[in-house]
Amino acid sequence: MIISQIFIYPVKSLAGIAMENSAVTDRGLQYDRRWLLIDELGMQITQRTQPELVLFQPEISKDTLHITHKPSGSTVSFPLKGTTEIQIKVQVWDDVFESLEVDGQVSHWFSHILKKKVRLVFQPDTTERKVDPKYARNGQEIVSAADGYPVLIISQASLNDLNSRLLKPVDMLRFRPNIVLDDCHAFAEDDLQKVAIGEAELIGVKNCARCIMITNDLQQAQLGKEPLRTLSQYRRQGQKVLFGRNFLVGKEGKIAIKDNLRTL
């Protein structure tokens, strides 16, 4: 198995960035979902209720994160390491953790476009959000503002299999993987346990349960029925529809496209 694509999603639920390489940190790929938008109550805002978030395209240039609202062309930029000292409690599912507002003007920019009051916040290094203890290995594993786990892996063959069943094929980015595998059979990722990629080691803990978010059209920003409906016909386990596999970080290090995935 070989790594064919690497993606990060710096701001939770905004569009992703294709990378040639990345550092794998204790909470996931570097910069992956360290920022997120919250409402006035501190609750996460995602494509599940705001599908138009996918129309915001991030880009990293040196020490700056740029975000472009594609329909309007409006942009905003801020330092990767810059925040205010305004502490805000954030809730992502059942987890509550401390975050820092990035900048009042940046929050205002998002609020103006989304037509609702939101704030952009950053999860600092001092915040250690633990993964679900049911799947933890030593109880100390942490995660960014991702839904639950540091790394998501999907094989290209799995997507090809799904697209062969759809009237209209879908893009891999609907599923928001961090790592895409090639040179393997469909759903080979389902059975991966401990693996090494480049300098990093990852531990597979569970296959990823999917929700309505994968039905969001990346260009139109509209929720629909596919591919969740088709996946539910052959990838259902109990009440869950599975696609991709979640991993913990066993060892930090650099990974790159064309690295081989080795089972340990």
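**Reading the fold and the cysteines**

Modeller: This is a predicted model, and its protein chain has three helices and 21 strands.

Colleague: What does the radius of gyration of the protein chain agree with?

Modeller: The yardstick is a compact globule, which for 264 residues would have a radius of gyration near 18 Å. The protein chain has 18 Å, so the two agree. Along the principal axes, its C-alpha atoms fill a box of roughly 50 × 40 × 35 Å.

Colleague: How many of the 264 residues count as buried, as a percentage?

Modeller: Buried means under 20% relative accessible area. In the protein chain, 54% of the residues fall in that class. The chain exposes about 12,500 Å², and carbon and sulfur atoms supply 47% of that area.

Colleague: What share of the contacts joins residues at least 24 apart in sequence?

Modeller: Counting contacts between residues at least 6 apart in sequence, the share is 67%.

Colleague: How far apart are the mean positions of the positive and negative charges?

Modeller: There are 34 positive and 32 negative charges in the protein chain, and their mean positions lie 4 Å apart.

Colleague: How many disulfides does the structure hold?

Modeller: A disulfide is a covalent bond between the sulfur atoms of two cysteines. The structure holds zero.

Colleague: Why is there no bond between cysteine 184 and cysteine 208?

Modeller: The cut-off is a sulfur pair within 2.5 Å. Cysteine 208 has the closest cysteine sulfur to that of cysteine 184, but because the distance is 17 Å, it is too far for a bond. Cysteine 208 is itself in no disulfide, and its nearest cysteine sulfur, in cysteine 211, is 8.4 Å away.

Colleague: Is cysteine 208 buried or exposed?

Modeller: Its relative accessibility is 11%, so cysteine 208 counts as buried.

Terms used:
Residues are numbered from 1 along each chain as its sequence is written. This is a predicted model: local features need pLDDT of at least 70, side-chain atom pairs count only at pLDDT 80 or more; totals for chains, interfaces and linings use all residues. Side-chain values use heavy atoms; hydrogens and water are left out. Helices (H or I, at least four residues) and strands (E, at least two) are DSSP runs, numbered from the N terminus. The radius of gyration is taken over C-alpha atoms; the globule rule is 2.2 Å times the number of residues to the power 0.38. Buried means under 20% relative accessible area, exposed over 50%, partly exposed in between (1.4 Å probe, protein chains only). Contact means heavy atoms within 4.5 Å. Accessible areas come from the Shrake-Rupley method with a 1.4 Å probe; for residues, only the protein chains shown count as cover. Lys and Arg count as positive and Asp and Glu as negative; His and the chain ends are not counted. The place of a charge is taken as NZ of Lys, CZ of Arg, CG of Asp or CD of Glu.
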